[in-house]
Amino acid sequence: MSAVGQQQEQLSQSDLSPSSNSSSSFEIIDMDAASLYEPVSPHWFYCKIIDSKETWIPFNAEDSQRLEEAYGSDKDCNGRVVPTDGGRYDVHLGERMRYAVYWDELASEVRRCTWFYKGDKDNKYVPYSEGFSQKLEETYMLAVTLDEWKKKLESPNREIIILHNPKLMVHYHLVARSDEWGSIPAEQGRPRTVKRGVENISVDIPCGEPLQIDHLVFVVHGIGPACDLRFRSIVQCVNDFRGVSLNLLQTHFKKAQEQQQIGRVEFLPVNWHSPLHSTGVDVDLRRITLPSINRLRHFTNDTILDVFFYNSPTYCQTIVDTVASEMNRIYKLFLQRNPNFKGGVSIAGHSLGSLILFDLLTNQKESLEGNDSEKVTPRVVLDQGDTLDLEEDLKKLQLSEFCYLFKKEKIDKAALALCTERDLQEMGIPLGPRKKILNYFKNGENTQGVNKQNQHLALGGNLPVLSEKFKNCNSTDGAGNEEYLDISIGQASVKYPRLIYKPDIFFAFGSPIGMFLTVRGLKRIDPNYKLPTCKGFFNIYHPFDPVAYRIEPMVVPGVEFEPMLIPHHKGRKRMHLELREGLTRMSMDLKNNVLSSLRMAWKSFTRAPYPALQATEAAAADETEPEPEAIPEKPSDVQAGDSPVADKEEAASINVGMLNGGQRIDYVLQEKPIESFNEYLFALQSHLCY
């Protein structure tokens, strides 16, 4: 029987004893004291390892209430699973463990917390175990009920807790002190504060998330396992994305959210770095890595080499398969856990991740209906034509007897250009004919046709969907004009998997897509081209990002225009940008006024001496002539600086093609005031700021 039960039994026995003045007064005091006790309100916490140190983080109020309701129900907690954190984590009540749903993460301990003590090195409070917290609560109830304080308890690790009064409760840690005879487990160390109930400790309980989800966004990371300067993982950075989105809902759409007219946006990370480096390639690299500058070489192998891995057909296939399969898997799992979801799906990629997504999207296939069948037919005819051209070339080389071998292996001119001498040897072609064929097709005698097909395959020309949409930089027709080739985007010898959904928008952050397209031999994107399964494409970058490149100049190469400036979330430009524009406008106005005054003065000095009447006529002519020269400069500058509406209309009127549904593609962020002092100093930070 517990101490509380014994006390209640003693009180009941005292009630049965003969009454007296003293006993009745004791009963009144005891009833008053008992009325002061109120059960503690528990709150649920989970433990995270941050910087190799355990940190207890509270659940939001809604999740804690759900956990408490499940805990207080009559059903057995074993096997009971409660979804938390917007459905991204599951808490197994029986195990007291918290598991991630959509990604791999170490399970964390969960605790029902009522009593806390202050930690060693910081001011954060640490919860006691559930069993010892219950013992503390029973002792506290007895002390309040009987008004008997200075209660001492011994914790499981033999440390002393003393309840002096409701406002003063301390925890004495044992301190090991050493002398000349060795270390002695000593006296009690510095006391630490003990608190009862989460409302009495300084802890930030996060706000809950709306249950309704209106949109789903997959976020793909760039090179390396770290995604920012604090070396945080993709999961932690996406958590920040989600937090910013929830804050903007509170500040900009509070009324609509309170009326439940809108829900929230769910952001889920997609990790491809870990599966890539779990293939054993790290072991191979470690064997050939030099022992000097060990940390720098490890950083190179773990981060920078991801770019080279993506340019390798073998590892590129691993990367695109991982990204596509992860997004498909997470999407299916999300629909299972959210069967009422009716919103759209978008994808976002940072740095190399945006290039991976772009290659995936450009190599998606629409349903083979209607016009799509017409797109496939010319490709088949073209392949047959290549086979006939190959027969003619073999006749020129007097090697017609080997035509059946090429037909048997289904080799055309483009495939032959990729063959090695060993491939021809395995086909059964003797040494002499092999040398003739390789020399003819690879050393210039049939350069034009072969190079064209090489470019077609090297740029991933395995999809008829993208035919005649991109322009090659080395391709001209007879008149010297550029012509569109039947080429698509991607890596050679890579089969791009298909996504099971059609994304609404593709966001590229700090993206090198433009640079990679140029390096692959593409000079221009057809204005009529659009992604097969995605409606929109936004290329967002920081102005000082050394990795980011623009897309719009590839669509409209003959026109120079600035990217769209993303407004601040408070609805204005940053102060230093407005100041810079104001100073520029003032200097232009001053320059125009000075030039106009100098021009008028020069004309007055160089005017010929005419009679008075002629001078008047000349002055009248001077008043009419120089004004048209000076006026167009000044109003144009003032209008460009003073009318942002006109700027927006002019920017919107630029035709940048259908890649983003006819809207602008390139969007630039506003740099911070401190970043404008030295753009080189903040170059690396600007690439990791998204």
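**Entry 1: the hairpin**

I looked up Phe-45 in this predicted model and found that its bridge partner in strand 2 is Pro-58. I then followed the two strands: strand 1 (residues 43-50) and strand 2 (residues 53-58) are antiparallel and share six bridges. They form a hairpin with two residues between them. In the turn I noted Asp-51, whose phi is positive, about 55 degrees.

I next asked which residue of strand 6 stands opposite Tyr-46. That residue is Val-110. Strand 6 (residues 108-113) runs antiparallel to strand 1, and four bridges join them.

**Entry 2: the open sheet**

I traced a sheet of seven strands, which is open and has parallel pairing. I recorded the strand order as 14-13-15-18-20-22-21. Strand 14 (264-270) and strand 21 (564-565) are the edge strands, each pairing on one side only.

Within this sheet I checked strand 20 (residues 536-541) against strand 22 (residues 666-668), and I found three bridges between these parallel strands. Tyr-541 has Val-668 of strand 22 as its bridge partner.

**Entry 3: helices on the sheet**

I then looked for helices packed on the sheet. Helix 5 (residues 234-252) touches strand 13 (213-220), strand 14 and strand 18 (505-509). The direction of helix 5 makes about 170 degrees with that of strand 14.

Helix 11 (residues 352-362) also packs on the sheet, where it touches strands 13, 15, 18 and 20. Its direction makes about 130 degrees with that of strand 15 (344-350).

**Entry 4: helix 10 against helix 11**

I compared the axes of helix 10 (residues 313-337) and helix 11, which come within 10 Å and cross at roughly 80 degrees. Helix 10 is therefore roughly perpendicular to helix 11.

Which residues make the contact? From helix 10 I listed Ile-319, Val-320, Val-323, Ala-324 and Met-327, and from helix 11 Ile-356, Leu-357 and Leu-360. By class, these are eight nonpolar residues, with no polar and no charged ones.

**Entry 5: the second largest pocket**

I found about 1900 Å³ of space in the second largest pocket. Of its 46 lining residues, Phe-241, Val-244, Leu-669, Cys-689 and Tyr-690 are the closest to the centre.

I asked which elements give two or more residues to the lining. They are strands 13, 14, 15 and 18, together with helix 5 and helix 25 (683-687). Helix 5 supplies the largest share, 12 residues. I recorded the classes in this lining as 25 nonpolar, 13 polar and eight charged residues.

Methods:
Residues are numbered from 1 along each chain as its sequence is written. This is a predicted model: local features need pLDDT of at least 70, side-chain atom pairs count only at pLDDT 80 or more; totals for chains, interfaces and linings use all residues. Side-chain values use heavy atoms; hydrogens and water are left out. Two strands pair if DSSP finds at least two bridges between them. Contact means heavy atoms within 4.5 Å. Axes are lines fitted to C-alpha atoms, for helices over the stretch in contact, and angles run from 0 to 180 degrees between N-to-C directions. Angles under 35 degrees count as roughly parallel, over 145 as roughly antiparallel, 65 to 115 as roughly perpendicular and the rest as oblique. Ala, Val, Leu, Ile, Met, Phe, Trp, Tyr, Cys and Pro count as nonpolar, Asp, Glu, Lys and Arg as charged, and the others, Gly among them, as polar. On a 1 Å grid over the protein atoms alone, a cavity is a set of points where a 1.4 Å probe fits but cannot get out, and a pocket is an open set with protein on both sides within 12 Å along at least five of seven lines; lining residues have an atom within 4 Å of a point. Grid points are joined across faces, edges and corners, and a volume is the space filled by probe spheres set on the points.
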